[in-house]
Amino acid sequence: MVLPERCPHSERRPSGPDGDRTRPHRTVLDEITGLWHLPALHRAGPPHPRAGLRVLHLGGAWVAALTCPPTRFARTVPLIRRRDPLAFHVLHMRRGQVSFDAGRRHVRVGAGQLLLVDSSRPYHGRFDDPAGVHSFELLQLPRAALPLPPGTVQRLHALPLSPGAGMGGTLTRWLADVTGRAQEFTRADAPFLAEVTAGLVASVLSGAADPAERLAPEERRGALRAQVRQFIRHHLADPLTPESIAAAHQLSRRSLYSLFEGDGPSVAAWIRQERLERCRRDLADPQWAGQPIHAIAARWGFPDKAHFSRLFRSTYGASPRDFRRRRTPLHGPSTTPHP
């Protein structure tokens with residue numbers, strides 16, 4: 001079961017008598033299973049009457065505060081093939097400890113430590129503190145929100161980190177604060193919360209990487225800009241808006257605009273440029289010779305024929321009709337191909 005994403009939304013499944021409704025242990029573990037994209041969580045010790053879950057959904061990201069008894073978990077290769085969110089998970093232990101196995105790496109994560117795992121890599125583990133109680137925060141961030149070099153991801157995957165003071169301490173306090181006050185936030189807060197959280201995680205992980213692997217601020221900016229451009233190219237035929245692009249990358253609209261400042265055209269101009277180029281390619285391709293020009297233009301986001309013709313002429317120095325006449329054979333396909 002995967003919980004539907006609500007942005008933002010707080011769900012509370014308390015582990016103590018604080019006046020909120022409690023849920024059976026099995027049900028809470030099922031909800032945790034859905035969030036973490038695991039096949040199942042299995043109780044690994046004596047029965048414990050309560051487990052707790054409080055989660056704040058932020059679009060493609062989420063952060064949760066959890067408590068659980070001794071419990072086993074696994075993310076297997078078949079499960080990865082079946083369901084992979086293409087994300088990073090960050091675990092911060094507050095109480096208890098967890099044994100974690102990922103390939104040849106066998107580690108124990110104790111209270112106060114962080115652990116980064118890649119959803120595309122198999123692992124298994126066990127919350128097995130002798131005291132029997134474990135509390136921790138778990139964070140999911142899309143890969144686009146953490147543009148880390150592959151070498152850094154490989155080195156830090158399933159490697160316990162001690163955040164300490166500075167940015168590490170800021171991150172752990174932030175996770176505790178946003179989960180503890182989850183019910184205070186509104187839907188409009190989600191992009192800002194996701195952006196701040198991703199920035200803190202990136203800073204901590206960059207500080208833990210080898211000096212040669214660390215990303216300078218401008219390099220991180222460039223990597224994120226490349227991710228955004230790739231997303232736009234894949235969705236050029238969709239009704240893109242600055243809001244939808246920003247939301248897909250956990251950015252505010254202002255941050256999206258800032259990302260493109262000083263690096264060529266604005267977001268809107270770059271989208272228009274890419275769409276015009278797709279139209280130019282189709283008009284020059286013999287396989288599309290049987291499709292009307294206005295249909296090609298509409299497919300790439302130009303429903304107004306006159307507006308498209310003006311844009312095309314100003315960009316390529318010829319009308320779409322003249323351009324096609326020069327670039328395609330006199331006798332094109334007799335049928336209209338379907339994209």
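**Group meeting talk: cores, rings and one buried serine**

Hi everyone. Of the 339 residues in this protein chain, 47% count as buried. Please keep in mind that what you have on screen is a predicted model. The chain's secondary structure comes to twelve helices and eleven strands. If you look at contacts between residues at least 6 apart in sequence, 74% of them join residues at least 24 apart. The accessible surface is about 16700 Å², and carbon and sulfur atoms account for 53% of that.

Let's go inside. Which residues touch the most other members of the largest nonpolar core? They are Leu 56 and Val 201, in a core of 30 residues. Several elements give two or more residues to this core: strands S3 (52-58), S4 (61-68), S6 (87-95), S9 (114-118) and S11 (134-142), along with helices H3 (150-156), H4 (166-180) and H5 (190-208). H5 gives the most, with nine residues. If you want to click on one residue here, try Val 201: beyond its neighbours within four places in sequence, Val 201 is in contact with Val 90, Leu 139, Leu 141, Leu 146 and Leu 171. There is also a second, separate core of 27 residues, and its members include Leu 251, Leu 259, Val 267 and Cys 279.

Staying with H4 for a moment, have a look at Trp 174, which is found in that helix. Not counting residues up to four places away in sequence, Trp 174 touches Leu 193, Val 196, Thr 197 and Leu 200. With Thr 197 there is a polar contact of 2.8 Å between the two side chains. Those two residues are 23 apart along the chain, and their C-alpha atoms are separated by 7.9 Å.

Now for the rings. How many aromatic pairs does a search of the whole structure find? It finds nine. One of them is Phe 73 with Phe 127, a tilted pair at 5.4 Å centre to centre with 50° between the planes. Phe 73 sits in strand S5 (residues 71-75) and Phe 127 in strand S10 (residues 123-127), so this pair ties together parts that are 54 residues apart in sequence. Are these two rings' residues buried or exposed? Phe 73 is buried at 4% relative accessibility, and Phe 127 is buried too, at 2%.

Another pair is Phe 312 with Phe 323. Their ring centres are 5.4 Å apart and their planes meet at 70°, so this one counts as edge-to-face. Phe 312 belongs to helix H11 (residues 305-316) and Phe 323 to helix H12 (residues 320-327), so the link here is between parts eleven residues apart in sequence. Phe 312 is buried with a relative accessible area of 0%, and Phe 323 counts as buried at 5%.

Coming back to Phe 73 and Phe 127, they belong to one aromatic cluster together with Phe 100, Tyr 123 and Phe 136. And one for the cation-and-ring fans: the charged end of Arg 299 sits over the ring of Trp 288, 4.4 Å from its centre.

Next, the serine from my title. Ser 119 is found in the loop between S9 and S10, and at 0% relative accessibility it counts as buried. What does its side chain reach? A polar atom of the Ser 119 side chain lies 3.0 Å from the backbone nitrogen of Ala 87, and the side chain also reaches the backbone nitrogen of Leu 86 at 3.3 Å. Setting aside neighbours within four places in sequence, the contacts of Ser 119 include Arg 75, Ile 80, Asp 84, Pro 85, His 89 and Arg 143.

That brings us to some backbone geometry. Most residues other than glycine have a negative phi. Leu 86, however, has a phi near 55°, which is positive. Leu 86 is placed in the loop between helix H2 (77-82) and S6, and at 48% relative accessibility it counts as partly exposed. Ala 158 is another non-glycine residue with a positive phi, near 60°. You'll find Ala 158 in the loop between H3 and H4, and it counts as buried, at 0% relative accessibility.

If you open the model afterwards, Val 201 in the largest core and the side chain of Ser 119 beside the backbone nitrogen of Ala 87 would be my picks for a look. Thanks, everyone!

Conventions. Residues are numbered from 1 along each chain as its sequence is written. This is a predicted model: local features need pLDDT of at least 70, side-chain atom pairs count only at pLDDT 80 or more; totals for chains, interfaces and linings use all residues. Side-chain values use heavy atoms; hydrogens and water are left out. A nonpolar core is a set of buried Ala, Val, Leu, Ile, Met, Phe, Trp, Tyr and Cys residues joined through side-chain atoms within 4.5 Å. Buried means under 20% relative accessible area, exposed over 50%, partly exposed in between (1.4 Å probe, protein chains only). Helices (H or I, at least four residues) and strands (E, at least two) are DSSP runs, numbered from the N terminus. Contact means heavy atoms within 4.5 Å. Rings of Phe, Tyr and Trp (its six-membered ring) pair if their centres lie within 6.5 Å; planes under 30 degrees apart count as stacked, over 60 as edge-to-face and the rest as tilted. A charge sits over a ring if NZ of Lys or CZ of Arg is within 6 Å of the ring centre and within 35 degrees of the ring normal. A polar contact is a pair of N or O atoms within 3.5 Å; within protein, one must be able to donate a hydrogen and the other to accept it, and residues adjacent in sequence count only if both atoms are side-chain atoms. Accessible areas come from the Shrake-Rupley method with a 1.4 Å probe; for residues, only the protein chains shown count as cover.
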